[in-house]
Amino acid sequence: MAKLVLAAGVPHPPRLVYEMVQSPGKMRGEALMKQVREQVEKAEPDLIIEVDSDHFVNFFYNNLPAFCVGMAEEAEGPQETWCPMPRYRVRGHVPMAKALLRHGMNAKFDLAAAHELRLDHSLVVPLHFLNPSMELPVIPIYTNGFASPLPLATRCFALGGLLRRFIEAWEGKERVALIASGCFAMDVGGPLRGWTDTEWVETISRLLLQGKYQTLARRATEERINAAGNNSGELLNWITVTGAVGKTKPLFLEGDEGSGYAVWKFD
Amino acid sequence: MSVYQINKILYLTDNDGNFRKRMKEEPQSVLKEFRLSDEERDALISGAVGKLYQMGVHTFLLNHLYRYELFGVNRDNYLSRIREGMDYDPRFEQGNMPVQRFVKQ
C-alpha cells in the first residue's frame with residue numbers, strides 16, 4: 001500500500017512568482033512557500049495529488065463537474081497568456097488516476113475524469129514552488145470552487161476521506177503528498193477586491209489549528225464562502241485535504257491575510 | 001437572458017488566441033455571432049462592468065475585460081466600474097488598490 005506522508009495547502013498568486021524575480025527575498029509569501037517546500041523535501045514524496053479549482057481554463061459552463069480526476073499522461077501550463085511565470089510540462093500518473101476513479105465509483109463517489117488537461121495558474125503555481133523541477137508526477141483533483149452551485153464542503157471533506165482510503169489501498173508503495181491549492185478567503189477582481197474577511201480567516205485558522213475539520217466543513221456553506229469574496233471557494237480544496245488528515249493537527253499554519261499556508265506530517 | 005453567452009465570449013477571449021485577436025480587431029462583428037439581447041450587447045460594448053456583474057456574469061471572466069483592455073475597460077477603471085450601481089460599502093476603502101498589472105506578451 002502507498003502512504004500519505006504529507007498534506008499541505010498553499011495559495012497560488014501568479015504575482016508572487018513575478019514579484020519574487022523582481023525583488024527576491026522581500027515577499028512574505030516567498031518565505032512561507034520555502035517553509036512548505038522544505039517540509040515537502042523532507043517528506044520525500046514520490047507523487048503529488050493536488051486538489052485545485054480550475055479558473056475557467058480547463059473547464060467552462062458547457063461542462064463543469066463538481067469533482068474531476070486528471071487522467072492525462074502529461075499536461076502543460078499555465079495556459080493563461082497574462083500569467084507572468086514560466087510554462088511547465090507536468091507529468092500525470094495514469095494507472096493510479098484510473099484506479100482512483102474506479103475506487104471512487106465503487107465507493108459511490110462518481111468522480112468525473114479528464115484525459116486531456118489545460119493547466120491553469122492555480123494548478124501550476126504551487127508546483128512551481130513545491131515541485132520546481134517537475135520531477136514528481138501529479139494527479140490533479142478538481143473541485144468546482146467557483147461556479148455556483150458549489151459542492152457542499154461536507155462532501156469535499158468526504159472526498160478527502162476517500163482519497164486517504166484510496167492511497168492506503170493502492171497497490172504501489174508510493175509516498176504521497178496531498179496538496180490543496182488556494183486561499184482561505186479573498187476577493188480577486190470582484191467589487192470587494194483588496195478587502196479581507198478577517199473574521200472568517202481567523203475562524204478558519206483556529207478550526208484548522210484545533211483539528212476541528214468537520215466543524216469547519218459544516219460552517220463553510222456556500223453563503224458564508226461567497227460573503228468572504230469571489231475567490232473564497234478555494235477553501236473547498238483545503239477542506240478536501242482535511243478530510244484526509246484524520247486527527248493529525250497541522251505542523252504549522254499561517255493565515256497570511258487570507259492566503260493560507262499549512263503543512264501536516266504523518267511520518 | 002443569455003449570461004451564458006457573455007461568459008462564453010469572455011472565456012474564449014482568454015483561452016483562444018484567434019478569438020482574442022478578433023475581439024481586439026472586430027469586436028462588433030464577433031458579438032453578432034452570439035445570441036445576446038440588446039441590453040447585454042450594449043453593456044459589453046460600453047464596458048459597463050457593473051451592469052454585467054449585476055446580470056450575473058462571472059467575476060473571473062469579467063477580469064478579462066481589463067486584462068485584454070476590451071471595450072474601454074482597463075486596470076485603472078475596472079474597480080470603479082464594477083462598483084457602479086452598488087451602494088457605498090466601507091469595505092471598498094480597503095480595496096482601492098489597482099488591479100494587477102499583467103505582463104504583456
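This passage walks through a helix pair in chain A, the contact between chains A and B, and the make-up of chain B. The model is a predicted one.

A good place to start is chain A, where helix α5 (residues 153-169) packs against helix α9 (residues 235-242). Their axes lie 6 Å apart and meet at an angle of about 45°. An angle over 35 degrees but under 65 falls in the oblique range, and α5(A) and α9(A) are therefore oblique to each other. The crossing of these two helices is right-handed. Turning to the residues involved, α5(A) contributes A:A153, A:C156, A:F157, A:L159 and A:G160, while α9(A) brings A:L236, A:I239, A:T240, A:V241 and A:T242 to the contact. Sorted by class, the residues of this contact comprise 7 nonpolar and 3 polar ones, with no charged residue among them.

The next stop is the meeting of the two chains. Here 21 residues of chain A are in contact with 26 residues of chain B. On the chain A side, the residues touching chain B divide into 11 nonpolar, 6 polar and 4 charged. Charged residues thus appear on this side of the chain contact, whereas the contact of α5(A) with α9(A) has none.

Chain B itself can be followed helix by helix. Its secondary structure consists of 7 helices and 0 strands, giving the pattern α-α-α-α-α-α-α along the sequence. Chain B has 105 residues, of which 35% count as buried. Contacts within chain B can also be sorted by separation in sequence: among those between residues at least 6 apart, 62% join residues at least 24 apart.

Notes:
Residues numbered from 1 in each chain as written. Chains lettered and ligands numbered in written order. Predicted model: local features only at pLDDT ≥ 70, side-chain atom pairs only at ≥ 80, totals over all residues. Axes fitted to C-alpha atoms, helices over the stretch in contact; angles between N-to-C directions. Helix = DSSP H or I, 4+ residues; strand = E, 2+ residues; numbered from the N terminus. Parallel < 35°, antiparallel > 145°, perpendicular 65-115°, else oblique. Left-handed = near helix turned anticlockwise from the far one by under 90°. Contact = placed C-beta atoms within 7 Å. Nonpolar A, V, L, I, M, F, W, Y, C, P; charged D, E, K, R; others polar. Buried ≥ 20, exposed ≤ 12 C-beta atoms within 10 Å, placed from the backbone.
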